[in-house]
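Me: I have a protein structure open and would like to talk through some of its details. Could you take my questions one at a time?

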Amino acid sequence: MLYQTNYETLKQSPYIPEECPNCNIKGKMYVRVIAKVTRINFIPMWMSDKKAVVHCDVCSYDFLPISFPKHTDKAEELYRESRYKWYYFSGSALFFILAGVLMIGNYINSAEKSKEEMEKLSNLTKNDVIIYTLDNGNYTSMKIDHITGNKIFVHKNKLSTNKNVYAIEKDTNYSQDETVYTLEQLKKMQEEEKIKEIYEGF
């Protein structure tokens, strides 16, 4: 990523009858208002640090207006009149637009996934596997043994992992004891985003 800054002129006066203290050329100086432009990969992101200076067109030196007392009023006037150029914020605007689009896209995808998982919860069958997170953040799973009315009887995985949960997905890892959940409990887990995936087991 290439980060660049430079100063651009917002507004300037005609030449003033002054001699440059650096190159001693007279009549090639003018008052101007400049601002710093920040670019990332050549794209202008924002403009800042507006200030008035007296510029020499010959040697390209900038001087503070106080060095030329007769022109400080002109410098102040130009400073008040100058405005940041909107197009120097185009990169930032594009960034926020893209970020907004991504956030909306992620929200829609998340909502669709949540709806899909809720539908799966309403249609659970024997041998379905539910992958979920524990309070410590690790992943584990439980396999459905049978369903009676609103109660889901499962065998919990005795192992958990903070990596690939499929590495512990073996029948021998499941407890022989049954644990009972109600559909409402599982839906609450889904709403709390504890359930990560539901898939058909064997």
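Me: Which side chain meets D171 in a salt bridge?
Reply: This is a predicted model. In it, the side chain of D171 meets that of K143 in a salt bridge, at 2.8 Å from N to O.

Me: Where do D171 and K143 lie?
Reply: D171 belongs to the loop between β7 and β8 (179-182), while K143 is in strand β6, so the pair ties together parts that are 28 residues apart in sequence.

Me: Is each one buried or exposed?
Reply: D171 counts as exposed, because its relative accessibility is 57%. K143 counts as buried, with a relative accessibility of 14%.

Me: How many salt bridges does the structure hold?
Reply: The structure holds eight salt bridges. One of them is formed by E81 and K11, whose closest N and O atoms are 2.9 Å apart. This pair links distant parts of the chain, since E81 is in helix α1 (residues 72-81) and K11 is in strand β1 (residues 3-16), 70 residues apart.

Me: And what are the relative accessibility values for E81 and K11?
Reply: E81 has a relative accessible area of 38% and is therefore partly exposed. K11 also counts as partly exposed, at 33% relative accessibility.

Me: Which residue meets K188 in a salt bridge?
Reply: The side chain of K188 meets that of E192, with a distance of 2.4 Å from N to O. K188 is partly exposed at 47% relative accessibility, and E192 is partly exposed at 39%.

Me: Which residues are joined with them into one network?
Reply: The network is made of D135, K188, E192 and K194, which are joined by salt bridges that share partners.

Me: Changing topic: how many disulfides are there?
Reply: The structure holds zero disulfides. C20 is in no disulfide, and the cysteine sulfur nearest to its own, that of C59, is 3.6 Å away. C59 is likewise in no disulfide, its nearest cysteine sulfur being that of C20, at 3.6 Å.

Me: Why does that pair not count?
Reply: A disulfide requires the two cysteine sulfur atoms to be within 2.5 Å, and the sulfur atoms of C20 and C59 are 3.6 Å apart, so this pair does not qualify.

Me: Are these two cysteines buried or exposed?
Reply: C20 counts as buried, because its relative accessibility is 0%. C59 has a relative accessibility of 23% and so counts as partly exposed.

Me: Back to the strand that holds K143. Which strands pair with β6?
Reply: Strand β5 (residues 129-133) pairs with strand β6 (residues 139-148) in the antiparallel sense, over five bridges. Strand β7 (residues 151-156) also pairs with β6 in the antiparallel sense, over six bridges.

Me: Which residues stand opposite each other there?
Reply: Between β5 and β6, T133 has Y139 as its bridge partner. Between β6 and β7, I144 stands opposite V154.

Me: How many residues sit between the strands in each hairpin?
Reply: The hairpin of β5 and β6 has five residues between the strands, and G137 in this hairpin takes a positive phi near 95 degrees. The hairpin of β6 and β7 has two residues between the strands, and here G149 takes a positive phi near 60 degrees.

Note on methods: Residues numbered from 1 in each chain as written. Predicted model: local features only at pLDDT ≥ 70, side-chain atom pairs only at ≥ 80, totals over all residues. Heavy atoms only, no water. Pairing = 2+ DSSP bridges. Helix = DSSP H or I, 4+ residues; strand = E, 2+ residues; numbered from the N terminus. Buried < 20%, exposed > 50% of the residue type's maximum accessible area, 1.4 Å probe, protein only. Salt bridge = Lys/Arg side-chain N within 4 Å of Asp/Glu carboxyl O.
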